[in-house]
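Biologist: I would like a close look at a single part, the largest pocket. Which residues lie nearest its centre? Please also set it against the rest of the chain.

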Amino acid sequence: MKDVAEVRELKENRYIIIDDEPCKIISLTTSKPGKHGEAKARIEAVGVFDGQKRSMVSPVRHKVNVPIIDKRTAQIIAVMGDKVQLMDMETYETFTMDVPSEFKGRLENGEEIQYLEAMGKKKITRV
């Protein structure tokens, strides 16, 4: 799911969609308007799911897509090598995810984790 916001409304540590990927804004700088132009903003961001650095330059009046990021809690049902089976604590939906490299060997059955969900993708953020 996406929302729309003007570039001037964005702030650091918020989210934006660049190249169809939800990204967290690292830095945001604006330039003054020129003689015949309008002020521009330079946005540096890092992909939430792939970790790639992305940047964009846009006039501050332009509208951009902003992802709706859902922070949720889940319980670990089973750890199966590089995959983990989880149950959402609100909806009781069960699903399987890849285990991120920073959490390999640290997940145990019955433990609660936090994960992000945006644009049909999911990622474990905290154990």
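**The largest pocket and its surroundings**

Modeller: Of the 127 residues in the chain, 35% are buried (under 20% relative accessible area; exposed is over 50%, partly exposed in between; 1.4 Å probe, protein chains only). This is a predicted model, so local features need pLDDT of at least 70 and side-chain atom pairs need 80 or more, while totals for chains, interfaces and linings use all residues. Residues are numbered from 1 along each chain as its sequence is written, and side-chain values use heavy atoms, without hydrogens or water.

Start with the framework. The chain has 11 strands and zero helices (DSSP runs: strands E, at least two residues; helices H or I, at least four; numbered from the N terminus). Its pattern along the sequence is β-β-β-β-β-β-β-β-β-β-β. The C-alpha trace spans about 60 × 25 × 20 Å along its principal axes. Take the contacts (heavy atoms within 4.5 Å) between residues at least 6 apart in sequence: 46% of them join residues at least 24 apart.

Now the pocket. The largest one holds about 350 Å³ of space. A pocket is an open set of points on a 1 Å grid over the protein atoms alone, where a 1.4 Å probe fits, with protein on both sides within 12 Å along at least five of seven lines; lining residues have an atom within 4 Å of a point. Volume is the space filled by probe spheres on the points.

The lining counts 19 residues. Nearest the centre are Tyr-15, Lys-24, Lys-71, Leu-116 and Thr-125. Four strands each give two or more residues to this lining: strand 3 (21-30), strand 7 (70-80), strand 10 (112-118) and strand 11 (121-126). Strand 11 gives the largest share, four residues. By class, the lining has nine nonpolar, six charged and four polar residues (charged: Asp, Glu, Lys, Arg; nonpolar: Ala, Val, Leu, Ile, Met, Phe, Trp, Tyr, Cys, Pro; polar: the others, Gly among them).

Follow strand 7 next, as it contributes to that lining. Asp-70 lies in strand 7. Asp-70 is partly exposed, at 31% relative accessible area. Not counting residues up to four places away in sequence, Asp-70 touches Tyr-115, Leu-116 and Glu-117. Of these, Leu-116 was named among the residues nearest the pocket centre. Look the other way along the sequence, to Gln-52. Asp-70 and Gln-52 are 18 residues apart along the chain, and their C-alpha atoms are separated by 21 Å.

Val-79 is also in strand 7. Val-79 is partly exposed, with a relative accessible area of 35%. Its contacts, leaving aside neighbours within four places in sequence, are Val-84, Leu-107, Glu-108 and Asn-109. Gly-110 is not on that list. The C-alpha atoms of Val-79 and Gly-110 are separated by 10.0 Å, with their positions 31 residues apart along the chain.

Gly-110 itself belongs to the loop between strand 9 and strand 10. Gly-110 is partly exposed, at 42% relative accessible area. Beyond neighbours within four places in sequence, Gly-110 contacts Gln-75 and Ile-76. For Gly-110 and Ile-76, the C-alpha to C-alpha distance is 5.1 Å, although they are 34 residues apart in sequence.

Turn to Lys-24, another residue named nearest the centre. Lys-24 is in contact with Glu-44. Glu-44 sits in strand 4 (residues 40-47). At 17% relative accessibility, Glu-44 counts as buried. Apart from neighbours within four places in sequence, its other contacts are Ile-25, Ile-26, Ser-27, Lys-53, Arg-54 and Ser-55.

Last, two backbone angles to check in the loops. Asp-20 has a positive phi of about 55°, although it is not a glycine. Asp-20 is in the loop between strand 2 (15-18) and strand 3. Asp-20 is exposed, at 59% relative accessible area. Tyr-92 also has a positive phi, about 60°, and is not a glycine. Tyr-92 is in the loop between strand 8 (83-88) and strand 9 (94-98). Tyr-92 is exposed, with a relative accessible area of 57%.
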